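Work through the exercises below with the sequence and the model side by side. Try each task before you read its solution.

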Amino acid sequence: VLIGMPYSGKTTIGKILSNDLKKAFFDTDIILKSENNDLVSCLNSGKDVAYFRVKESLLVKELSSTKFSSIISTGGGVILNVENINYLKQNGIIIYLDATTSTLKNRCNFEDRPLIKSINDIDKVYNERKTLYEKYADIIVDEEDKDLEGSLQIVLDALKRGEK
């Protein structure tokens, strides 16, 4: 289970892991968006962030209860609800992709990110969530000075060692 800030590489690394490990891949943001329940749709239709978080939690619960091995990329705010983490930890290893704010800012694209509308929002959200990401992670991948391959290799090595 990949957690981390938006733009930390969860989807990209998740897809590669899925392919390399021959596991199913689920991206909660993509699933919610395809069901038209994404945060952007919620806010545009007059619903609030709480409504989206409920939909996200229901999806996390469903994905966590599957009996087959898979890779799950979560939305950046999944850690805001401890129940989500409890579900994900039932059968999963939580991997935190820890990218610095400067890395996140270099990768950012403000489309479809209603909670991150500017560079300053990245700092604010990062500061609000960093301790939670660290608290819930079984594995922390420090992405500083690493390219995609470097981060991916750390994840693969940790999984081979069976870290939890």
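**Exercise 1. State the accessible surface of the protein chain and the share that belongs to carbon and sulfur atoms.**

Solution. The accessible surface is about 8,500 Å². Carbon and sulfur atoms hold 50% of that surface. Areas come from the Shrake-Rupley method with a 1.4 Å probe, and for residues only the protein chains shown count as cover. The model is predicted: local features need pLDDT of at least 70, side-chain atom pairs count only at pLDDT 80 or more, and totals for chains, interfaces and linings use all residues. Residues are numbered from 1 along each chain as its sequence is written, and side-chain values use heavy atoms, with hydrogens and water left out.

Next, burial. The chain has 164 residues, and 41% of them are buried. Buried means under 20% relative accessible area, exposed over 50%, and partly exposed in between (1.4 Å probe, protein chains only).

**Exercise 2. Write out the order of helices and strands from the N terminus.**

Solution. Count the elements: eight helices and five strands. Both are DSSP runs, numbered from the N terminus: helices are H or I with at least four residues, strands are E with at least two. The order is β-α-β-α-α-α-β-α-β-α-α-β-α. Now turn to contacts, meaning heavy atoms within 4.5 Å. Take those between residues at least 6 apart in sequence: 74% join residues at least 24 apart.

**Exercise 3. Find the aromatic pairs and classify each one.**

Solution. There are two. Rings of Phe, Tyr and Trp (its six-membered ring) pair if their centres lie within 6.5 Å; planes under 30 degrees apart are stacked, over 60 edge-to-face, and the rest tilted.

- Step 1. The ring centres of F26 and F68 are 6.2 Å apart and the planes stand at 50 degrees, so this pair is tilted. F26 sits in strand 2 (residues 24-27), and F68 in the loop between helix 4 (49-64) and strand 3 (70-73). The two are 42 residues apart. F68 is partly exposed at 45%.
- Step 2. Y96 and Y133 are stacked, at 4.9 Å centre to centre and 20 degrees between the planes. This pair joins strand 4 (residues 95-98) to helix 7 (residues 119-136), across 37 residues. Y96 is buried at 1% relative accessibility. Y133 is buried too, at 0%.

**Exercise 4. Describe the second largest pocket by volume.**

Solution. Its volume is about 370 Å³. On a 1 Å grid over the protein atoms alone, a pocket is an open set of points where a 1.4 Å probe fits, with protein on both sides within 12 Å along at least five of seven lines; lining residues have an atom within 4 Å of a point. Grid points are joined across faces, edges and corners, and the volume is the space filled by probe spheres set on them.

The lining has 21 residues, and S69, S70, N91, G92 and I93 are the closest to the pocket centre. Helix 1 (10-21), helix 4, strand 3 and helix 5 (82-91) each give two or more residues.

**Exercise 5. Locate Y7 and K22, and give the phi of each.**

Solution. Most residues other than glycine have a negative phi. Y7 has a positive phi near 80 degrees. Y7 lies in the loop between strand 1 (2-3) and helix 1, and is buried at 13%. K22 has a positive phi near 55 degrees. K22 is in the loop between helix 1 and strand 2, and is exposed at 69%.
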